[in-house]
Structure formats: structure tokens, C-alpha cells
Amino acid sequence: MGEKEIKLKEINFDTPIDLIINNNKIPLKFQHCNFENYIPNKEYPSQQEVKERLITFVKSLEEYNKSKCCETIVKRLFKKNSKPKNIYIDGGFGVGKTHLLSSIGNAYSGKSIFVSFSELMYLIAYFNLLPLVEKMSQFDVVLLDEFELDDPGDAMMGINFIREISNTDTVVVTTSNTTPVALGGRKFDLMLFKERIGKFVNYFNTYAIDGKDYRVTKAPKTEYDSSKKTLKDLFNEYETKNRKKLYVSFDELINKMKEIHPARYVNFNENIDAIFIENLRKFTDDELLDALRFTYLIDILYYGSVDIFISTDIQLWDMFSEDLKDGKFKNKIMRCLSRISEKGVFVKTHDIDS
Ligand SMILES: Nc1ncnc2c1ncn2[C@@H]1O[C@H](COP(=O)(O)OP(=O)(O)OP(=O)(O)O)[C@@H](O)[C@H]1O
Ligand SMILES: [Mg+2]
């Protein structure tokens, strides 16, 4: 095996999760993002407005944290340097929400942490809410990407997290595709849930960004490899950059994901520039958890700018059953399909065999 290759069993997934939290920086894909290279579309004035508000937010956060250390009780009473309010950035797919969120982290000189909502769910499950809040409160700002409210249980956990962290000096900036006001009413009838959502709104300044999906015009599209190359050929030809390349069968990957805690999947990104997944197949009806873990893995690889190559004899769209695509995890599934299609190159298995 060349030294550019790595086997699944060679990837170290044992990194202590505390270390994962401490190292949680802006994902590779968004590391270059800043306010300067976010170019607002003039057709949608909200883009420029939100950018300016976020720049102002970073300034007030800097001031707040400078003043905090030498704040007297009197000052605190008069709220001279009050804590900036949390921010909720709302907008459609691909309008640049994560780009702006990352720009905050890149512009701010103090301590920030970037986590996706799914990651936060796994971290809460691992540490429990209050110990996690304590760990997160060492950061001045939590950049929480993709707040999801599809699943009432997860939504509630997210809201509880916001409530608890709001009692500390830490500020949260989050992104989502749904405005907090629209959430409860549209999807769930539970009175309690609505009540909590009501309070949730008050924790935030909500900024809405309009616009078209930036990826549609700028990002590369899914390719079906039309040459007669096999996945192995593509693997052998692939030039790594500063990480390695991994060749793995779909079932081997699914089994590995069962074994390790999802909070540790991020170790893939430390190790690989590209993953080559052989014989992707449809998830069966009793593989819901595997399917969800797979969508989470794709989110992680997407953030880590890992190239994805797949061989399969099905259409990508068919890997999840119709029930799943239409059920309560619809958003996760659709995001996964959209992200694989942004990143993935496919080789059809039957082309190889014929
Ligand atoms: N106005 C912009 N100027 C420069 N680059 C942009 C702009 N808007 C988006 N991009 C780029 O387009 C890609 C998609 O943007 P981004 O991921 O931030 O969108 P998003 O709103 O978070 O989408 P999603 O809802 O799917 O998470 C990124 O690579 C981002 O850097
Ligand atoms: Mg995003």
C-alpha cells in the first residue's frame, strides 16, 4: 500500500471527545470565508444588510469581552457593556449562511467554536446538557450551524441548550432554513412545544437573508463517470493533497459507523482528502439508524472538503426509501443527497461488470 493510502482500521477514532471540542474550528470548506469575500447580490439588499449587522455584532462582541474582565458590579448594574444578543440567521439553501457564520469566527479575535446542530445533538447525548454547556461556556461565541426543528425531541434539546448557555457569558449565532416564529405553528401542535418556541424567539435577533442558491450557478455538479474506469482506477489515479485516500466497501463503512460514536466521525476529516465507497446500495427498512448515521457522515465530509467517489448499481436518489425521503428526517436526507451530488463522482457497478 502506498503511503498516500489509509485503511479504515488505521484511522484513529479514539481521540478524546474533549479534545474534539477544543479543536473545533471553522470547517475546512469554510476556512477561507470572510466578510470581504462574501459578495452580496445587489438584487437582494438583505444580503448587504445582514453582512453589515454581523460585522457590527463582531465589534460589539470584542468590546463586551474586553470590558468583561474589568467590569465592576456598578457597571454591570448599569449594563454599560451588555452582552450582545444571540443571532438567528435565516434563509433558503445556499444563500451564504454558513459562509457568514464562518466569517464571524474568522473575524473575531477571541475564542469561538463552530458546531453543527447534529454535532451538538451527539455532544449533548454524550456529555449531558449541563456539563456540555459548562464546556461550551469557555468560548465567547458558539457558531451553531443548521438549527433543525423537524424532530421535536432534538428541537427541544437545542432550545434547552440555548436557554442554558444564555445564562452564561457566551453568545450563540445560529443558522437555519426556518424562522423561529414559523416553526412550532407549522409543524407541531404540542402546546408545550409552541410555548417553548415562543420563548425561544426572544433569545434572538432574527436576520433573514433572501436570495438564490449560490451553488446552483457556481458549484460543480454530480458527475457520472462516463469512461470505463473502475472505482479502483479512480482511486489509483487520485492525487492526494495533504491528507490520504481511503477505499472502503459500503457495508464495511456502515459497520464501522455503528461501532464508533458519531461525535468521533470528524476524525475522517483529519485523515483523508478523498473517500472511495464501493457498492453503495439501498438502505433496508430496518436500517433507519444506519441511514441517519450515513447522512451525518456526509455532512461531516462535506464540511471537511473530502472528495467523495462512489460505485453503485442504483440511482443515488433510490438509496433512501420513499418513506424516509418523505418522513420526519426529510431535511437530513435531502441535504445528504444534495451534498453528495455537489461533491460526488459516481461509477456505475454494472458498467464495470459489463
Ligand atoms: N454572497 C456570496 N459571496 C461569495 N460566496 C458565496 C456567497 N454566498 C454563498 N457563497 C458560497 O457558496 C457556497 C454555499 O454557501 P453556504 O454554504 O454558505 O450557503 P448556506 O446558506 O449555508 O446553504 P445551506 O442552506 O445549504 O446550508 C459556499 O461555498 C459559499 O462560500
Ligand atoms: Mg449552511
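**Close-up views of a predicted model**

**View 1. Helices α6 and α7 cross at roughly 50 degrees, and their axes come within 10 Å.** Here, in this predicted model, we begin with α6, which covers residues 129-136, and α7, which covers residues 152-165. Angles from 35 to 65 degrees fall in the oblique class, and α6 and α7 are therefore oblique to each other. The crossing of α6 past α7 is right-handed. From α6, the contact takes in Leu 129, Leu 130, Val 133 and Met 136, while α7 brings Asn 160, Phe 161, Glu 164 and Ile 165. Sorted by class, the residues of this contact are six nonpolar, one polar and one charged.

**View 2. Helix α7 also packs with α5, at an angle of about 85 degrees.** The axes of α5 and α7 are 10 Å apart. An angle between 65 and 115 degrees counts as roughly perpendicular, and that is why α5 is described as roughly perpendicular to α7. On the α5 side, look for Phe 117, Leu 120, Met 121 and Ile 124; their counterparts in α7 are Asp 154, Met 157, Gly 158 and Phe 161. Six nonpolar residues, one polar and one charged make up the contact of α5 with α7. Phe 161 may look familiar: this residue of α7 is also part of the contact with α6.

**View 3. Five strands form an open sheet with parallel pairing.** Reading across the sheet, the order is β3-β4-β5-β2-β6. The edges are β3 (112-116) and β6 (204-209), each of which pairs on one side only. From one strand to the next, the twist averages 15 degrees. For a closer look at one pairing, turn to β4 (residues 141-145) and β5 (residues 171-176), which run parallel and are joined by four bridges. Leu 143 has Val 173 of β5 as its bridge partner.

**View 4. Helices α2 and α5 lie across strands of the sheet.** Helix α2, residues 45-68, lies across β2 (86-91), β4, β5 and β6. Relative to β6, α2 runs at about 150 degrees. Helix α5, residues 117-127, lies across β3 and β4. Its direction is at about 95 degrees to β3.

**View 5. Ligand 1 sits in a shell of 16 residues.** The closest of them are Gly 96, Lys 97, Thr 98, His 99 and Tyr 214. Two or more residues of the shell come from each of α4 (97-107) and α10 (214-218). Helix α4 gives the largest share, three residues. By class, the shell around ligand 1 holds seven nonpolar, seven polar and two charged residues.

**View 6. Helices α14 and α16 pack at an angle of about 45 degrees, with their axes 9 Å apart.** To find the pair, follow residues 288-303 for α14 and residues 330-343 for α16. Their angle lies outside the parallel, antiparallel and perpendicular ranges, and α14 and α16 are therefore oblique to each other. The crossing here is left-handed, whereas that of α6 and α7 is right-handed. Leu 292, Thr 295, Ile 298, Asp 299 and Tyr 302 are the α14 residues at the contact, and they meet Lys 332, Ile 333, Cys 336, Arg 339, Ile 340 and Lys 343 of α16. These residues divide into six nonpolar, one polar and four charged.

Definitions and conventions:
Residues are numbered from 1 along each chain as its sequence is written. Chains are lettered from A and ligands numbered from 1 in the order in which they are written. This is a predicted model: local features need pLDDT of at least 70, side-chain atom pairs count only at pLDDT 80 or more; totals for chains, interfaces and linings use all residues. Axes are lines fitted to C-alpha atoms, for helices over the stretch in contact, and angles run from 0 to 180 degrees between N-to-C directions. Angles under 35 degrees count as roughly parallel, over 145 as roughly antiparallel, 65 to 115 as roughly perpendicular and the rest as oblique. A crossing is left-handed if the near helix is turned anticlockwise from the far one by less than a right angle, and right-handed if clockwise. Two residues are in contact if their C-beta atoms, placed from the backbone, lie within 7 Å. Ala, Val, Leu, Ile, Met, Phe, Trp, Tyr, Cys and Pro count as nonpolar, Asp, Glu, Lys and Arg as charged, and the others, Gly among them, as polar. Two strands pair if DSSP finds at least two bridges between them. A residue is near a molecule or strand if its C-beta atom, placed from the backbone, lies within 6 Å of it.
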